[in-house]
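Visitor: I would like a close look at a single part of this protein, the place where two of its domains meet. Please take me through it slowly, and then turn to the ligands.

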Amino acid sequence: MNTPRILADHDLQPLNTLAVPARAARYAQVGDEASLREALSFARAEGMPVLVLGGGSNVVLPARFEGLAIQVTIKGVEIVAEDGEFVYVRAGAGEVWQDLVEFTLQRNLQGLENLSLIPGTVGAAPIQNIGAYGVELDTVFESLTAIDRQSLETLAFDAPACEFSYRDSIFKHRLRDAVVITAVTFRLRKKGELNTSYAPLHEALSAIPANELTPRQVSDAVIAIRRSKLPDPAEIPNAGSFFKNPIVSADKHESLKRDYPQLVSFPAGAGRVKLAAGWLLEQAGWRGHRQDGVGMHAAQALVLVNPGRREGEYVLEYAARIQRDVYERFGVMLEREPVAYVPQGETA
Ligand code: FAD
Ligand code: NAP
């Protein structure tokens, strides 16, 4: 067992892709379950709050965290089972997501190709049921293991227990900051139809007959499209989409469509409709807007960028202004996607 080194007054700015200035009173990296338990026990003994970090690509951090920031670096990817249809792959929570995707592509396994190049770690993927290009994690999720932050017990979750929904799970609600995920098992198909339903993907792959298409080709197309549109956090700090696409009733959609015939929307099942938040932001004039070092990306209005490396409090104030403006114009409240750790009361 490795005893985790607990460091004092640690700089978290390089550890979050929004690059907000942030420091933690204590910080530890944990590469195995025993170290994780030790770190959690230390925090409990000291009466310190805990903040769990993976790749820091979906968080808004406070300027100062008076507790223990634990970065999960638990590694390991292995095939744990196989049947006629599926291969089951288990990955440590600290594995880089794209490394897992690459592991599956090298074995021609299907399921993660549309989720190529999403930043962050395996352990964070279930938190918001990551999704892209028509595929969400829950379609390939088998189970996960986690450690309860209070009791230090090992827990197991199957898909229903995770309560997955659109960019959401139980880990953003009832179990927010309650468990640390240590490993995730995926159920990947050996063959079957690939999902190229999103228009840009469909266009990019239209020359290849569907029966010849490989997961690698889909992944390459996804990567090329993402690179052409999304800002690289290493160059322009960002946390990806800052708001979820709102899901509204069919009635609300109808009334908006009367006022805005160009409204971009998609069916979301059971009389519900998903609105493209990026379209709402563009109509409201936020695309490419900048103020005091923060703004909305010109090539993708849904991505909040932080070139000024402003503090999390300011980022959330800016986002709250956008939320109010969109609400006043369209009567739709945008929900923030990244998890914010800025103390409540300091932002709207
Ligand atoms: P972090 O930001 O470190 O953490 C996010 C939350 O998960 C925090 O609440 C943290 O406490 C918790 N957490 C992290 N690890 C654990 C763990 N082991 N156990 C328990 N809790 C944990 N998201 C998508 O869904 N689809 C996309 O296409 C997409 N594209 C993106 C593109 C860019 C350029 C960027 C910057 C972000 C994008 N994201 C996307 C958001 C982000 O990459 C994902 O949400 C990712 O899963 C976050 O992983 P992370 O390791 O960085 O999590
Ligand atoms: P896009 O292709 O320009 O599409 C704009 C929006 O329309 C997307 O948000 C997408 O919803 C929706 N959409 C497009 N085609 C659709 C279809 N056939 N059926 C249902 N919904 C459809 O989007 P983009 O910004 O370039 O992103 C491409 C994909 O990567 C999207 O899935 C997006 O979610 C994902 N992405 C996510 C993040 C993040 O941080 N969460 C960041 C970058 C990209 P959905 O978003 O629901 O798919």
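Guide: Between domain 1 and domain 3 the count of salt bridges is zero. This is a predicted model, and what follows should be read with that in mind. Polar contacts are nevertheless found across the interface of domain 1 and domain 3, where four residue pairs, both partners at pLDDT 80 or more, satisfy the rule. The composition of one side can be set beside these counts: where domain 1 touches domain 3, its residues divide into nine nonpolar and four polar, with no charged residues.

To place this contact in the chain, the domain assignment gives domain 1 as 7–72, domain 2 as 77–229 and domain 3 as 238–340. The contact between domain 1 and domain 3 draws on 13 residues from domain 1 and 16 residues from domain 3, while the centres of these two domains, taken over C-alpha atoms, are 29 Å apart. Together domain 1 and domain 3 bury about 1100 Å², and carbon and sulfur atoms account for 55% of that area. On the side of domain 1, Leu18, Asn58 and Val60 contribute 54% of the area buried against domain 3, which is more than any other three residues supply.

Asn58 leads from the interface to ligand 1, since a polar backbone atom of asparagine 58 is 2.7 Å from an oxygen atom of that ligand. Ligand 1 is surrounded by 34 residues, of which Val52, Gly54, Ser57, Thr121 and Tyr341 are the closest. A backbone N or O atom of glycine 54 also lies 2.7 Å from an oxygen atom of ligand 1, and an N or O atom in the side chain of glutamine 128 is 2.8 Å from an oxygen atom of this ligand. Taken alone, ligand 1 exposes 980 Å², and the protein buries 94% of that area.

Ligand 2 has 16 residues around it, and those that come nearest are Tyr166, Arg167, Tyr198, Lys274 and Gln300. Two of these residues place a polar side-chain atom beside an oxygen atom of ligand 2, tyrosine 198 at 2.5 Å and glutamine 300 at 2.2 Å. Tyrosine 133 instead offers its backbone, with an N or O atom 2.9 Å from an oxygen atom of ligand 2. On its own ligand 2 has 800 Å² of accessible area, and the protein covers 79% of it.

Conventions: Residues are numbered from 1 along each chain as its sequence is written. Chains are lettered from A and ligands numbered from 1 in the order in which they are written. This is a predicted model: local features need pLDDT of at least 70, side-chain atom pairs count only at pLDDT 80 or more; totals for chains, interfaces and linings use all residues. Side-chain values use heavy atoms; hydrogens and water are left out. Domain bounds come from an automatic or database domain assignment. Contact means heavy atoms within 4.5 Å. Buried area is the accessible area (1.4 Å probe) that two parts lose on being put together, summed over both. A salt bridge is a side-chain nitrogen of Lys or Arg within 4 Å of a carboxyl oxygen of Asp or Glu. A polar contact is a pair of N or O atoms within 3.5 Å; within protein, one must be able to donate a hydrogen and the other to accept it, and residues adjacent in sequence count only if both atoms are side-chain atoms. Ala, Val, Leu, Ile, Met, Phe, Trp, Tyr, Cys and Pro count as nonpolar, Asp, Glu, Lys and Arg as charged, and the others, Gly among them, as polar. A residue is near a molecule or strand if one of its heavy atoms lies within 4 Å of it. Accessible areas come from the Shrake-Rupley method with a 1.4 Å probe; for residues, only the protein chains shown count as cover.
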